[in-house]
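Please open the structure in your viewer and keep the selection tool at hand. The tour below proposes what to select at each stop and describes what is found there.

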Amino acid sequence: MTDVCVIGAGVAGALVACELAEAGRSVVLLDTGARLDEAAAERYERVRLGLDPWEWEDPGRDAFEASSELAAGVNSSRMKCVGGTTLHWNAYAPRLQPADFEVRSRFGIARDWPVSYDAIEPYYVRAERELGVAGADAPGAPPRSAPYPLPPHPYSHADSAFFFPAFDAAGLSLATNPMAVNSEAYDGRSTCLGFATCWPMCPSRAKYTAMVHIRRAEATGNVEVRAQCHVRRLRLASDRRVGRAECVDAAGRAGSIEAKAFVLAAGGVENARLLLLSAADGRHRDGLGNASGLVGRTLMSHTLAGVRATLRERVGGHRLGYGTTLSWDLYDHATYPHAGNVLLFPSDLQGPTPAQIARDAGSWGRLLQERVRDGYGYNVKLVAEGDMLPHADNRVALSTTQRDRLGDPVPVVTLRTSAFEEATIARGHEVGRRVLSHLRPRALWTDQGVFLAHFLGTTAMGTDPGAAVCDGLGRCHELDNLYIAGSSLFPTSGAAHPTLLIAALAIRTGEHLARSV
Amino acid sequence: MTRRAFLAVATGIAGAVAAVYALARGRIGRNEAPPDAAGNTAVDGLTDNELRALTALALVLFPPTTRVPGTHVERTAEWWVRGRVARMTPPPPYRAGLALLAEEAVALQPGSAFRELSAADRERVVAKLMAAHPETAFHTTAADLIEGLYASLPGWRLVGYDAGPGMPNLPLAYTTSPDTP
């Protein structure tokens with residue numbers, strides 16, 4: 001019998017599978033989506049020709065229902081394929097702060113993680129090494145026990161000439177932006193060559209994608225990857241053990257996979273959905289592992305508060321696909337419990353490109369050339385990423401009206417902000433205006449939203465089985481052989497992009513399973 | 001890495017990409033039908049004459065500059081239209097747009113193809129077609145070409161860069177002022 005069946009081949013599933021495979025365990029790694037070559041020449045050519053390089057969405061497979069305005073863009077970023085959303089992610093890899101793991105104890109709101117930052121920290125170090133994160137320590141940054149595996153990317157002209165002086169004038173500091181993009185050749189992959197197309201794809205493979213670990217896992221000979229293998233249900237062998245995963249392949253043939261253990265790594269929406277779809281008798285009547293009633297509940301993302309400006313000098317943007325700085329200064333829990341933290345990201349990837357100016361100008365020839373030359377290159381943005389609280393009514397549930405191509409209820413996603421998030425957004429706007437005003441912009445305006453690629457908290461970890469779905473290793477409280485990997489485990493959101501923590505937790509779960517299965 | 005070494009690596013990669021692309025195109029449906037009665041060959045659905053007309057149009061929409069010679073504009077335009085026709089369903093209405101262009105060229109100078117007109121007459125033809133209402137297939141063709149030219153090297157070189165998104169750049173180009181000579 002296969003040792004472990006991993007459901008979902010994104011970064012979480014890939015790292016769990018790789019950890020298991022390198023320890024000699026047999027793994028079947030399933031993904032509902034196809035296997036794509038993330039750096040294929042044809043895909044790159046499509047990017048250059050202004051065409052979509054990815055098959056983003058399959059309406060029959062990816063259908064969902066949004067019961068709130070913020071949830072309407074669920075499919076705008078997530079990619080269901082081998083490698084998952086990392087195939088097109090922007091590779092930002094900051095850590096959460098230690099206090100994010102003790103929010104209840106320290107501030108009387110939200111909840112605590114069942115593990116401390118100190119317990120996770122060695123896995124953060126490993127995750128940075130596995131993904132190849134380039135960065136440097138800085139005051140205010142989360143504490144670390146080892147240096148980054150790669151040196152930081154040099155600061156951009158926009159950072160050196162504009163953002164550093166503006167932050168300094170506002171009494172704030174900037175640090176390097178930790179990126180899972182090679183700043184030198186690493187792990188058999190190229191250094192960044194400045195294609196500046198990180199989103200949607202990196203032609204040089206300098207940017208980490210989960211395909212790195214998919215290929216490494218396969219190279220052990222212990223992993224079988226099955227693309228376009230959609231798991232519809234998990235079926236119990238006994239009250240406390242999952243026995244098999246029922247699935248459908250690309251040709252529509254039904255099958256099942258038995259294993260000693262199962263790892264659910266299908267993302268914050270689909271992890272919850274599969275558990276709910278797999279409801280069984282007794283304690284699992286409201287969903288597998290859902291005696292707490294929390295499967296699907298406490299969905300979180302991150303808020304985005306943007307301040308944009310048109311400056312008086314050209315900033316030299318669009319020559320790199322990511323920002324090279326961030327500021328930890330306001331990621332300090334100083335405004336808890338009333339407002340959240342903000343992690344500030346300056347960006348010179350703003351404003352219309354020459355093609356966008358040309359498209360909107362309504363002219364041609366020399367006149368258009370003049371307009372493009374005069375209009376291009378003056379825009380910047382300061383993005384404040386903020387926490388969200390784990391509200392029970394923000395959730396993933398099963399639709400009672402819509403079904404997918406196989407006849408299963410689609411997920412219903414509800415995501416709304418509360419006073420805490422609105423105050424966090426306001427904090428981000430205030431500091432953004434304050435910083436950018438030092439650049440004497442010609443124009444200044446704001447926008448806001450949520451990170452539609454981050455789906456957190458729908459199968460949260462915790463020590464109390466009555467108040468959490470999983471324990472500190474991601475094992476479902478009510479099931480001895482079902483583990484969960486990914487951001488659905490997060491009891492709190494923090495104010496940092498989740499991927500690095502997803503990776504750290506996946507390595508930890510994989511290491512545990514390799515010893516215990 | 002030195003600048004020379006970087007350029008060697010980047011050129012090698014670009015060359016490899018181009019070579020792979022050329023090979024791939026040979027296997028993914030390059031439409032090379034036998035020549036027609038007028039001796040035109042159709043490549044990716046466009047005849048030689050149509051491609052030449054499109055590149056001539058491109059030179060009017062994006063006149064050569066000191067940083068962007070006419071040959072760059074022509075090569076970019078040809079690459080763009082071939083690539084779009086090969087991949088888009090339906091492709092942009094180049095043929096219909098060119099028919100309108102040809103009609104105006106003949107009206108201005110009987111018997112002349114657009115590319116045979118003087119530079120000034122080509123501008124007159126394009127200006128007349130662009131001013132027409134409602135919008136026609138020519139507007140769509142012109143807008144598509146403009147997008148391709150400004151999204152590619154000609155557009156980025158116009159604003160002072162040596163490369164743009166989608167092209168390998170010098171390792172530290174982004175750290176320098178955009179106005180560095």
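**The interface of the two chains**

Select chain A and chain B together: about 3,800 Å² is buried between them, and carbon and sulfur atoms give 65% of that area. Buried area here is the accessible area (1.4 Å probe) that two parts lose on being put together, summed over both. Next, select L49(A), R319(A) and W364(A), which lose the most area to chain B within chain A, together 21% of what that side buries.

This is a predicted model, in which local features need pLDDT of at least 70 and side-chain atom pairs pLDDT 80 or more, whereas totals for chains, interfaces and linings use all residues. Residues are numbered from 1 along each chain as its sequence is written, chains are lettered from A and ligands numbered from 1 in the order in which they are written, and side-chain values use heavy atoms, without hydrogens and water.

Now display E42(A) and R87(B), whose side chains form a salt bridge at 2.7 Å, N to O. A salt bridge requires a side-chain nitrogen of Lys or Arg within 4 Å of a carboxyl oxygen of Asp or Glu; across this interface the rule finds two.

**The cysteines**

How many disulfides are there over all chains? The count is zero, a disulfide being a pair of cysteine sulfur atoms within 2.5 Å. Select C476(A) and C470(A): the sulfur of C476(A) has its closest cysteine sulfur in C470(A), at 4.2 Å, which is too far for a bond. Then select C81(A), whose closest cysteine sulfur, in C229(A), is 15 Å away, also too far for a bond.
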